[in-house]
Amino acid sequence: MPVVFVLLWSTGFIGAKFGLPYAEPFTFLFIRFALTILLLTPLVWMLKISWPSSPKLWMHIAISGLLVHGTYLGGVFYGIALGMPAGLASLLVGLQPLLTAACAGPLLGERLVKQQWLGLVLGLVGISAVLGSQLELGQSLFSGFGVGALLSVLAALVGISLGTLYQKRFCTRMPLLSGAVIQYLAAGGLLGVGALLFESRDVTWSLTFILTLSWLVLVLSIAAILLLMALIKKGEASRVASLFYLVPPVTALQAWWLFDERLSWVGLGGMFIAIAGVVLTVRKPLSKRH
């Protein structure tokens, strides 16, 4: 299940690159969430899945949706729309495991051993090698985009990190399918307001945009998100977050296949370092003998 999640999640950055030329980021995401809600809601009723039992749980689920979907996806798509390369965006949000692990202790009472901290550091080094190898020598990281794009993607990083922790803390009793509908309603409302206030809401309907939107709705917003919710519910937040270390290397491979973006030997080495870091972080520490 974690391997499938990484493969599906990594396509989100590719989808943004395909779809953003045809719609502004908040408009694009609002349409995506509206279609997802239209598909998920009848499924909840047909499968007779229960809805959250209390208004308080509804509120917690909505807040987690604002963070995990609204802030994260809104920040990433807006940053890419402002000119940030998709690979660099994936690198920055790939810092999530370090931020999540640092906050998991005081907020959730989770503790990481030295082996897991080593894994988190190795993952960060591996991501930096993979995507840093794609930058030309002497090229500025800010080439082609401004501070606004950087702040937008950093907001996405904070959103997905806090959202993972918040959901683990307050939404453990969340029904996965009906809970996802509530999360998308909250995130869609936020992004709909953003589209009304800041965008023209024009969409160029083309075959490429329709296929991209279909993939993002069916595969990302439904299949991958439900996998993420199941993983968060099953495992510690810091270990679930470590899976995101594999997303940039997998995204780089997809970009090579689809757009002929080449990887150097340094980049390939970085992939193996990132994978080793994930293994160390996710792996249960050996019990000490007394």
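## An all-helical predicted model

I127 has its place in helix α6 (residues 114–132); helices here are DSSP runs of H or I with at least four residues, strands are E runs of at least two, and both are numbered from the N terminus. With a relative accessible area of 0%, I127 is buried; the cut-offs are under 20% for buried, over 50% for exposed and partly exposed in between, using a 1.4 Å probe and protein chains only. The C-alpha atoms of I127 and F272 are separated by 9.8 Å, although these residues are 145 residues apart along the chain.

A word on the model itself: it is predicted, so local features need pLDDT of at least 70 and side-chain atom pairs count only at pLDDT 80 or more, while totals for chains, interfaces and linings use all residues. Residues are numbered from 1 along each chain as its sequence is written, and side-chain values use heavy atoms, with hydrogens and water left out.

The chain holds 12 helices and zero strands. Of its 290 residues, 50% are buried. Helix α4 (residues 86–93) is largely enclosed by the rest of the structure, because seven of its eight residues are buried. Those buried residues are A86, L88, A89, S90, L91, L92 and V93.

Next come the empty spaces inside. Rolling a probe the size of a water molecule over the atoms shows where empty space is left. Searching the whole structure gives three cavities of 30 Å³ or more. A cavity is a set of points, on a 1 Å grid over the protein atoms alone, where a 1.4 Å probe fits but cannot get out, and its lining residues have an atom within 4 Å of a point. Grid points are joined across faces, edges and corners, and a volume is the space filled by probe spheres set on the points.

The largest cavity contains about 130 Å³ of space. Its lining consists of W9, G12, F13, R32, V68, H69, Y72, L73, V76, F77, L220 and I225. Helices α1 (2–19), α3 (55–81) and α9 (207–234) each supply at least two of these lining residues, and α3 gives the largest share, six residues. By type, the lining divides into nine nonpolar residues, two polar and one charged; Ala, Val, Leu, Ile, Met, Phe, Trp, Tyr, Cys and Pro count as nonpolar, Asp, Glu, Lys and Arg as charged, and the others, Gly among them, as polar.

On the outside, F18, L253, W256, W257 and L258 form a nonpolar surface patch with about 550 Å² of accessible area together. Patch members have over 30% relative accessible area and no salt bridge, and nonpolar side chains (Val, Leu, Ile, Met, Phe, Trp, Tyr) are joined within 5 Å, like charges within 9 Å. A salt bridge would be a side-chain nitrogen of Lys or Arg within 4 Å of a carboxyl oxygen of Asp or Glu, and the areas come from the Shrake-Rupley method with a 1.4 Å probe, with only the protein chains shown counting as cover for residues. Helix α11 (residues 247–259) gives the most to this patch, four residues. W257 is found in α11 and counts as exposed at 67% relative accessibility.

Finally, two loop residues other than glycine have a positive phi.

| Residue | Phi | Loop | Relative accessible area |
|---|---|---|---|
| K48 | near 55° | between α2 (25–46) and α3 | 77%, exposed |
| R201 | near 65° | between α8 (176–198) and α9 | 41%, partly exposed |

Conventions. 1 Å grid on protein atoms, 1.4 Å probe; cavity = no way out; pocket = protein on both sides within 12 Å on 5 of 7 lines; lining within 4 Å.
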